[in-house]
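This report goes through side-chain interactions and domain layout. The sequence and structure are shown first.

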Amino acid sequence: MRKIYDWLYNAGVDDFDIDLFEGMYNVPNGIAYNSYMICDEKIAVLDSVDAGFGAEWLKNIEEGLKGRLPDYVVILHIEPDHSANIANFTEKYPTAKIVGNDKTFVLLEEYFGKDFTDKKVLVKDGDTLSLGKHTLKFIFAPMVHWPEVMTAYETTEKVLFSADAFGKFGSYDANEEWDAEARRYYFGIVGKYGMQVQSLLKKLSEYEINAICPLHGYVLDKNLGHYISLYDKWSSYQAEEKGTVIAYNSVYGHTKEAVSRLSEMLKAKGEKTVVYDLARSDSSVCVSEAFRYSKLVLAGTTYNGDIFPCMREFIHYLTERNYQNRVVGFIENGSWAPVAGNKMKAEFEKSKNIVFAQNNVKIRSALNGESSAQLSALAEELINM
Ligand code: FEO
């Protein structure tokens, strides 16, 4: 049990047993499932934790209650990493009410197959819940990351309980940079829903905020402008930094050689350049880096008359997350029937505001004088963009 302030505790847990979050994302430093507890004249617990941690969570709550009983469990987000133990909670504390919105209760009953009617406290956007000196105002945030998501703003201390927003991978105390793991989390989990995040940020701009308590990651109570500014950039699909990401696949090393040469030329001219071998890199890192920088070069081979599988998958990860407002260039390699260049470009045909480089590179099997010249031209063009 972590004490945040005199009136606020975190009864959440760290999960170090997990291999892949949502069955997909590497979490080398685990992940925190936070569950905040407001102790006032009334006691409210905000959200629960993942299925395997019910006993630890209930023990933490019992410690925080100091012999009292909870009045409410508030569900800001019904996804099972935050709601799996709600039924266990109601069994242990049958007098506690469940606070949620109409969508919350539909999903709650779907997950647990139970009727919670006698415990329901139904709230609408903008409604408040008084706990004594502290009051929660509910600010709905649909599709950040599920349709029922709502945030809660504590009006006395000006603390925002932000649900998945402003979360990150890693345990609560993981010794790692917030930006990198929050960026990877954001583009992995919420990246598709930039418009909805923008709507939430617009609503929140009317409130003074002293601290943000997310469901994953630690409480943010300093330099909030930094985090909010990053969220604004991410959700409006603006690049954080000028620079080039080169993402490639290579079968026999010839495409890799072209990538190395391009990278050297760019770096020699002072361009921030990062390179990822898509077959050997964590895809969530590659995706988050592509969104971080302003320019992207895709270097891929033709395979089975199509784009190489890891390249095709990478481009899909980008486009399904509404990748836009970027420069994209291509290096293709094909020995007898090259198609990858056109096919990679076609994958972006529904993407908004993509500026395609004019000097793309066509390698036939291995670099030669002609393709080397194209590579130099691409480097020159990227430097000037
Ligand atoms: Fe952490 Fe969308 O659940």
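How many salt bridges does the structure hold? In this predicted model, the structure holds 20 salt bridges. Three of them are set out below, with the closest N to O distance for each pair.

| Positive residue | Negative residue | N to O distance |
|---|---|---|
| Lys3 | Asp6 | 3.1 Å |
| Lys168 | Glu176 | 2.6 Å |
| Arg261 | Glu257 | 3.1 Å |

The surroundings of these residues can be given as well. In the pair of Lys3 and Asp6, both residues are exposed. Lys168, the partner of Glu176, has a relative accessibility of 0% and therefore counts as buried. Arg261 and Glu257 both belong to helix α8, which covers residues 254-268, and they lie 4 residues apart there, so about one helical turn separates them. Arg261 is partly exposed, at 32% relative accessibility. Glu257 is also partly exposed, and its relative accessible area is 36%.

Salt bridges also occur as a network: Glu241, Lys272, Glu289 and Arg292 are linked in this way.

**A charged residue without a salt bridge**

Glu148 is located in the loop that runs between β13 (135-140) and β14. Is Glu148 buried or exposed? Glu148 is buried, yet it has no salt bridge. Lys103 is the nearest side chain of opposite charge, and it is 8.6 Å away. With a salt bridge requiring a nitrogen within 4 Å of a carboxyl oxygen, Lys103 at 8.6 Å does not qualify. Lys103 is nevertheless among the residues in contact with Glu148, once neighbours within four places in sequence are left aside. The others in that set are Leu76, His77, Ile78, Glu79, Asn101, Thr104 and Leu107.

**Aromatic rings**

The structure holds 25 aromatic pairs. One of them joins Tyr153 and Tyr207, whose ring centres are 4.8 Å apart; their planes stand at 55°, so the pair is tilted. Tyr153 is in strand β14 (residues 150-154), while Tyr207 is in the loop between α6 (194-204) and β16 (211-214). The two residues are 54 residues apart, and their pair links distant parts of the chain. Tyr153 counts as buried, with 5% relative accessibility.

A second pair is formed by Phe166 and Tyr231. How are these two rings arranged, with planes at 25°? Their planes make an angle under the 30 degrees that bounds stacking, so the pair is stacked, and the ring centres are 4.2 Å apart. Phe166 lies in the loop between β15 (159-163) and α5 (178-190), and Tyr231 lies in helix α7 (residues 224-235), so the pair ties together parts of the chain 65 residues apart in sequence. Phe166 is buried, at a relative accessible area of 2%. Tyr231 is buried as well, at 1% relative accessibility.

An aromatic ring also meets a charge: the charged end of Lys345 sits over the ring of Phe356, at 4.9 Å from the centre of that ring.

**Domain layout**

The protein chain is divided into domain 1, residues 2-235, and domain 2, residues 241-383. What distance separates the centres of domain 1 and domain 2? Taken over C-alpha atoms, the centres are 39 Å apart. Domain 1 supplies 9 residues to the contact between them, and domain 2 supplies 12 residues.

Definitions and conventions:
Residues numbered from 1 in each chain as written. Predicted model: local features only at pLDDT ≥ 70, side-chain atom pairs only at ≥ 80, totals over all residues. Heavy atoms only, no water. Phe/Tyr/Trp six-rings, centres within 6.5 Å; stacked < 30°, edge-to-face > 60°. Buried < 20%, exposed > 50% of the residue type's maximum accessible area, 1.4 Å probe, protein only. Lys NZ or Arg CZ within 6 Å of the ring centre and 35° of its normal. Lys, Arg positive; Asp, Glu negative; His and termini not counted. Contact = heavy atoms within 4.5 Å. Domains from an automatic or database assignment.
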